[in-house]
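Let's take a friendly walk through a small set of features in one protein model. Keep the sequence and the 3D view open as you read.

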Amino acid sequence: MEDQGYSHACITATIMLLRDDRYALDDMILFIEDEQPTEEEIIEKTAELL
């Protein structure tokens, strides 16, 4: 994800928050691949999935 321009902090926080819910983590991966969201959009999506 860093090669797509996302910061290490964004990647780490997202994984740590979603690590216990495999389906939420899978949803996030698909969201990132399909939508190419901004970091702000990733944070919003993470909040929705929690």
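## A walk through the model

Our starting point is Ala-24, a residue in helix α2. Keep in mind that the model is predicted.

Is Ala-24 buried or exposed? With a relative accessibility of 4%, Ala-24 counts as buried, because the buried class takes in values under 20%. Leaving aside residues up to four places away in sequence, Ala-24 touches Leu-18 and Leu-49. You can also compare its place with that of Thr-46: 22 residues in sequence separate Ala-24 and Thr-46, while their C-alpha atoms are 8.4 Å apart in space.

Thr-46 comes up again when we turn to Thr-14. Thr-14 sits in helix α1, which covers residues 8-18. Its relative accessibility is 7%, so Thr-14 is another residue that counts as buried. Which residues does Thr-14 touch, not counting those up to four places away in sequence? They are Met-28, Ile-42 and Thr-46.

For a contrast, look at Asp-3, in the segment before α1. Asp-3 has a relative accessibility of 74% and therefore counts as exposed. Eleven residues in sequence lie between the positions of Asp-3 and Thr-14 as a separation, and from C-alpha to C-alpha they are 16 Å apart in space.

### Pairs of opposite charge

Side chains of opposite charge can pair when their charged atoms come close. How many salt bridges are counted in this model? The count comes to two. Here they are side by side, with the distance between N and O atoms.

| Salt bridge | N to O distance |
|---|---|
| Arg-19 and Asp-20 | 4.0 Å |
| Arg-22 and Asp-26 | 3.4 Å |

Take the Arg-19 and Asp-20 pair, whose side chains meet in a salt bridge. Arg-19 is partly exposed at 48% relative accessibility, whereas Asp-20 is exposed, with a relative accessible area of 73%.

Now turn to Arg-22 and Asp-26, which also form a salt bridge. Why are these two separated by about one helical turn? It is because they are four residues apart in helix α2. Arg-22 is exposed, with a relative accessible area of 56%, and Asp-26 counts as partly exposed at 27%.

### A patch of negative charge

Next, find the place on the surface where Glu-33, Asp-34, Glu-35, Glu-40, Glu-41, Glu-44 and Glu-48 gather in a patch of negative charge. Two elements give two or more residues to this patch: α2, residues 22-35, and α3, residues 39-49. Which element gives the largest share? That is α3, with four residues.

Glu-44, one of the patch residues, is found in helix α3. Its relative accessible area is 43%, so Glu-44 is partly exposed. A residue needs over 30% relative accessible area and no salt bridge to join a patch, and the 43% of Glu-44 is therefore enough for the area part of that rule.

### A turn in the backbone angles

Our last stop is Gln-36, in the loop between α2 and α3. What is special about phi here? Phi of Gln-36 is near 50°, a positive value in a residue other than glycine. At 46% relative accessibility, Gln-36 counts as partly exposed.

Terms used: Residues are numbered from 1 along each chain as its sequence is written. This is a predicted model: local features need pLDDT of at least 70, side-chain atom pairs count only at pLDDT 80 or more; totals for chains, interfaces and linings use all residues. Side-chain values use heavy atoms; hydrogens and water are left out. Patches are made of residues with over 30% relative accessible area and no salt bridge: like charges are joined within 9 Å, nonpolar side chains (Val, Leu, Ile, Met, Phe, Trp, Tyr) within 5 Å. Accessible areas come from the Shrake-Rupley method with a 1.4 Å probe; for residues, only the protein chains shown count as cover. Lys and Arg count as positive and Asp and Glu as negative; His and the chain ends are not counted. The place of a charge is taken as NZ of Lys, CZ of Arg, CG of Asp or CD of Glu. Buried means under 20% relative accessible area, exposed over 50%, partly exposed in between (1.4 Å probe, protein chains only). Contact means heavy atoms within 4.5 Å.
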